[in-house]
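Grab a pencil and open your viewer. Here are some exercises on helices, charges and surface exposure, each with a worked solution.

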Amino acid sequence: MSTTKVTGWVGGMENTGLYDFLVGWVEGVKYADPAASTAYSWVAGSSPFSDPAKAKELTKALYNNYGADIMHGVAGQSGDGVIEAVLELRDETGNDAIWDIGVDSDQYAVFMSNEKEDKAEVILTSSLKPCAKPVYDLVAAMVEGKQIALGCQIYGIAEGAAGIAENDFLSLIHI
């Protein structure tokens, strides 16, 4: 969907979990188009997950400085600033090919259900990390008296613990 072959990514703060998101994003972009790249930034500061104004500023900079036209905010409430920036950039440039990728829940559906259609219409899809599958598997194993493996357990797309939301803009995905 990128017309510039540059995507933008805004994270709340530098930590292992968000680096996992960033690496997954960068690798996914490269998988979809080896010629594409990602410009990224961190909200950081004293309120990395509740500073939408800073995330908005960073998102606009990613567009203006690098041409990023598909944005992904992984920054809690700061992510609202990413969406606001996308809306403003569309208005300022007349470019309706600037998009946001939501995170954690289907943000398109959330905005539509809250009658915020303007925000919903810039959400191409959302990256999901449904936690129910790993939690269910762990509890089921405990109830069944199975040996619980120690250490890190890896759950991803194949195990049903990661994916993307299907919505009006991206209705059929084959991964």
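The exercises below work through a predicted model.

**Exercise 1. Check the length of helix α3 against the span expected for its residues.**

Solution.
- Start with the boundaries: helix α3 covers residues 79-93, which makes 15 residues.
- Next, take the expected span, which is 21 Å at 1.5 Å a residue.
- Now compare: from the first C-alpha of α3 to its last is 21 Å, close to that expectation.
- Finally, look just past the end, where α3 is followed by Gly94 with a positive phi, near 75 degrees.

**Exercise 2. Work out which residues of α3 are buried.**

Solution.
- The cut-off you need is under 20% relative accessible area for buried, over 50% for exposed, and partly exposed in between.
- The buried residues in α3 include the glycines Gly79 and Gly81.
- Also buried in α3 are Val82, Ile83, Ala85, Val86, Leu87 and Leu89, along with Arg90.
- Try the cut-offs on three acidic residues: Glu84 has 28% relative accessibility, so it counts as partly exposed. Glu88 has a relative accessible area of 24%, so it is partly exposed. Glu92 sits at 54%, so it is exposed.

**Exercise 3. Trace the salt bridges that Lys60 makes with Glu88 and Glu92.**

Solution.
- Begin with Glu88: its side chain meets that of Lys60 in a salt bridge, 2.5 Å from N to O. This pair links distant parts of the chain, with Glu88 in helix α3 and Lys60 in helix α2 (residues 52-66), 28 residues apart.
- Move on to Glu92: it forms a salt bridge with Lys60 too, and the closest N and O atoms are 3.0 Å apart. Again distant parts of the chain are linked, from Glu92 in helix α3 to Lys60 in helix α2, 32 residues apart.
- Then ask how covered the lysine is: Lys60 has 17% relative accessibility, so it counts as buried.
- Put the pieces together: Lys56, Lys60, Glu88 and Glu92 are linked in a network of salt bridges.
- For the bigger tally, the structure holds 6 salt bridges.

**Exercise 4. Find which helices are linked by the salt bridge between Lys119 and Glu84, and decide whether Lys119 is buried or exposed.**

Solution.
- The side chains of Lys119 and Glu84 meet in a salt bridge, 3.1 Å from N to O.
- Lys119 belongs to helix α5 and Glu84 to helix α3, so the pair, 35 residues apart, links distant parts of the chain.
- Lys119 has a relative accessible area of 17%, so it is buried.

**Exercise 5. Locate the patch of negative charge on the surface and place Glu121.**

Solution.
- The patch gathers Glu115, Glu117, Asp118 and Glu121.
- Glu121 lies in the loop between α5 (117-120) and β5 (123-128).
- With a relative accessible area of 40%, Glu121 is partly exposed.

**Exercise 6. Place Met142, then check the span of its helix.**

Solution.
- Met142 is in helix α6 (residues 132-143).
- Its relative accessibility is 53%, so Met142 counts as exposed.
- For α6, 12 residues at 1.5 Å a residue should span 16 Å, and the end C-alpha atoms are 16 Å apart, so the two agree.
- After α6 comes Gly145, with a positive phi near 75 degrees.
- To finish, pick a far-off partner: the C-alpha atoms of Met142 and Asp51 are separated by 40 Å, with their positions 91 residues apart along the chain.

Terms used:
Residues are numbered from 1 along each chain as its sequence is written. This is a predicted model: local features need pLDDT of at least 70, side-chain atom pairs count only at pLDDT 80 or more; totals for chains, interfaces and linings use all residues. Side-chain values use heavy atoms; hydrogens and water are left out. Helices (H or I, at least four residues) and strands (E, at least two) are DSSP runs, numbered from the N terminus. Buried means under 20% relative accessible area, exposed over 50%, partly exposed in between (1.4 Å probe, protein chains only). The expected span of a helix is 1.5 Å times one less than its number of residues. Patches are made of residues with over 30% relative accessible area and no salt bridge: like charges are joined within 9 Å, nonpolar side chains (Val, Leu, Ile, Met, Phe, Trp, Tyr) within 5 Å. Accessible areas come from the Shrake-Rupley method with a 1.4 Å probe; for residues, only the protein chains shown count as cover. A salt bridge is a side-chain nitrogen of Lys or Arg within 4 Å of a carboxyl oxygen of Asp or Glu. Lys and Arg count as positive and Asp and Glu as negative; His and the chain ends are not counted. The place of a charge is taken as NZ of Lys, CZ of Arg, CG of Asp or CD of Glu.
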